[in-house]
Amino acid sequence: MKKLLLSMLFVGVATLANAQKSEVAEAKKAWDLFTLVSGGKQPFDKTMASLNKGLGHTDLAIANEKSKVMPDAWSYRALFASSIALTDSVNIENSVAKQKIAEEAIEKAKSLDAKSSEKDNIALAQTNIINAISGRAVRAYYKKDYAAALVGFNQLIALNPNDTSMIVNAAVTAKLAKDYPQAIEKYKKVISLNVPNAKDFYSDAINTTLEFVKDTTAALALLKEASIKFPDDAAFIGVETDIYITRGDIVKSQEMLNKLIAKDPSKPIYHHLMGDTYYKQALEIQAQKNKLDQKKIKELDALTVKMTKLIDQALPFYKKATELDTNYVPSLESLKQIYGFKNDVTNFNDVKKRLDAIPAKN
């Protein structure tokens, strides 16, 4: 009787083990069926039901001591869970939860797969996870949920730290999310990867630093770095000049421009910017005059004298720029304003005529 009971017990254990192993086989069948019909674009509900059923088979397989050590039990679990994460565009929480299950299953499969027999399934599950994260991030972006989109883009960067397109996505999204420090950090990261259009990213980083963070010291550091890589870029030189002017450090600005003019006196931009160091001061004085009580004649006259002197100092530099390039629009525009202020009708009309003759850029 004892032998009979013992025999029945062994049969029961073997049957249970085989049953659990058969869950792996059922999972494989379910996956084969899913891949067969998925190309036919099943309705969302049927697709999700099919994937959840397959995942259910792996739930049973990993619950058993015998089958939970089978690498394919975990690789197919990763396939089903990652596919649900990718497919479920309706329930974000479910997508994220299934992604976590897939990630855990991938690690378990790797640890058990001594013969690398499941490497293709593991690779596909990893791709599904990347696409699931990307899908959630892009959908959040188009819904203008920039904070959620940024989380997704950062997850993708963590998976591939040198993915320049994703770093750019994160930079743009961070700026839209008003996370300006992170946007600048991402711009600097993509620059460090020596991308072809690094100049544009320097510009974005510098403009964001100035406009939103309002940190001229950090902006100057970026400008110095950009100027080393792009020494002839007029935009960077102009921004640096503007920062010095805004800070009231005219001497520093003019010192920098004098060095540039001495190095290459044939560039109109250098002369134009030197003119700006005087003219922009004049414009600031004009703003002061506008705020002053118009009855304060003495103070107004003193400001006018000071402003006129600065304009006269700017004038030869703008003229020089237009001598070097007769169609140099920035200096022509400044000259037009100056001649208008001076009521110099002859020169005003001459400059206006020259500007009107320049073809408009589309």
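Here are some short exercises on a predicted model, each with a worked solution.

**Exercise 1. Aromatic pairs**

Work out how the rings of Tyr 141 and Tyr 146 are arranged, and say whether each residue is buried or exposed.

Solution.
- Start with the overall count: the structure holds eleven aromatic pairs.
- Now take the two rings. The centres of Tyr 141 and Tyr 146 are 5.5 Å apart, and the planes stand at 65°. Centres within 6.5 Å make a pair, and planes over 60 degrees apart count as edge-to-face. The pair is therefore edge-to-face.
- Next, check the surface. Tyr 141 has a relative accessible area of 27%, so Tyr 141 is partly exposed. Tyr 146 has 18% relative accessibility and so counts as buried, because the limit for buried is under 20%.

**Exercise 2. A pair between two helices**

Classify the pair of Tyr 278 and Phe 317, then find which helices the two residues lie in.

Solution.
- The ring centres of Tyr 278 and Phe 317 are 6.0 Å apart, with 15° between the planes. Planes under 30 degrees apart count as stacked, and the pair of Tyr 278 and Phe 317 is indeed stacked.
- Tyr 278 belongs to helix H13 (residues 268-291), while Phe 317 belongs to helix H14 (residues 297-324). The pair therefore ties together parts that are 39 residues apart in sequence.
- For accessibility, Tyr 278 is at 15% and counts as buried, whereas Phe 317 is at 24% and counts as partly exposed.

While you are looking at rings, find Trp 31, Phe 34 and Phe 80 too: they form one aromatic cluster.

**Exercise 3. H3 against H5**

Describe how helix H3 (residues 71-87) and helix H5 (residues 119-142) pack.

Solution.
- Begin with the axes, which come within 8 Å and cross at roughly 20°. Angles under 35 degrees count as roughly parallel, so H3 is roughly parallel to H5.
- The handedness comes next: H3 passes H5 in a left-handed crossing.
- Then look at the residues. On the H3 side the contact includes Ser 75, Tyr 76, Leu 79 and Leu 86, and on the H5 side it includes Leu 124, Asn 128, Ile 129 and Arg 136.
- Sorted by class, the residues of this contact of H3 with H5 are nine nonpolar, six polar and one charged.

**Exercise 4. Two neighbours of H13**

Find the direction in which H12 and H11 each run relative to H13, and list the residue classes in each contact.

Solution.
- Take helix H12 (residues 250-263). The axes of H12 and H13 come within 9 Å and cross at roughly 165°. Angles over 145 degrees count as roughly antiparallel, so H12 is roughly antiparallel to H13.
- H12 passes H13 in a left-handed crossing. Among the H12 residues in the contact are Ile 250, Leu 257 and Ile 261; they belong to a set that meets H13 residues including Tyr 270, Leu 273 and Tyr 278.
- The contact of H12 with H13 has eight nonpolar, six polar and no charged residues.
- Turn to H11. H11 and H13 pack at an angle of about 30°, with their axes 10 Å apart. This makes H11 roughly parallel to H13.
- The crossing of H11 and H13 is right-handed. The contact includes Ile 237, Asp 242 and Ile 245 of H11 along with Tyr 270, Lys 280 and Glu 284 of H13.
- The contact of H11 with H13 divides into six nonpolar, three polar and four charged residues.

**Exercise 5. Three single residues**

Decide whether Glu 240, Leu 303 and Asn 343 are buried or exposed, and place each one in the fold.

Solution.
- Glu 240 lies in helix H11 (residues 234-247). Its relative accessibility is 4%, so Glu 240 counts as buried. Leaving aside residues up to four places away in sequence, Glu 240 touches Leu 220, Leu 223, Lys 224, Ser 227 and Met 256.
- Leu 303 lies in helix H14 and is buried, with a relative accessible area of 17%. With the same sequence neighbours left out, Leu 303 touches Ile 285, Gln 288, Lys 289 and Leu 292. The C-alpha atoms of Leu 303 and Gln 288 are 8.3 Å apart.
- Asn 343 is found in the loop between helix H15 (329-341) and helix H16 (345-357). At 66% relative accessibility, Asn 343 counts as exposed.

Conventions
Residues are numbered from 1 along each chain as its sequence is written. This is a predicted model: local features need pLDDT of at least 70, side-chain atom pairs count only at pLDDT 80 or more; totals for chains, interfaces and linings use all residues. Side-chain values use heavy atoms; hydrogens and water are left out. Buried means under 20% relative accessible area, exposed over 50%, partly exposed in between (1.4 Å probe, protein chains only). Helices (H or I, at least four residues) and strands (E, at least two) are DSSP runs, numbered from the N terminus. Contact means heavy atoms within 4.5 Å. Axes are lines fitted to C-alpha atoms, for helices over the stretch in contact, and angles run from 0 to 180 degrees between N-to-C directions. Angles under 35 degrees count as roughly parallel, over 145 as roughly antiparallel, 65 to 115 as roughly perpendicular and the rest as oblique. A crossing is left-handed if the near helix is turned anticlockwise from the far one by less than a right angle, and right-handed if clockwise. Ala, Val, Leu, Ile, Met, Phe, Trp, Tyr, Cys and Pro count as nonpolar, Asp, Glu, Lys and Arg as charged, and the others, Gly among them, as polar.
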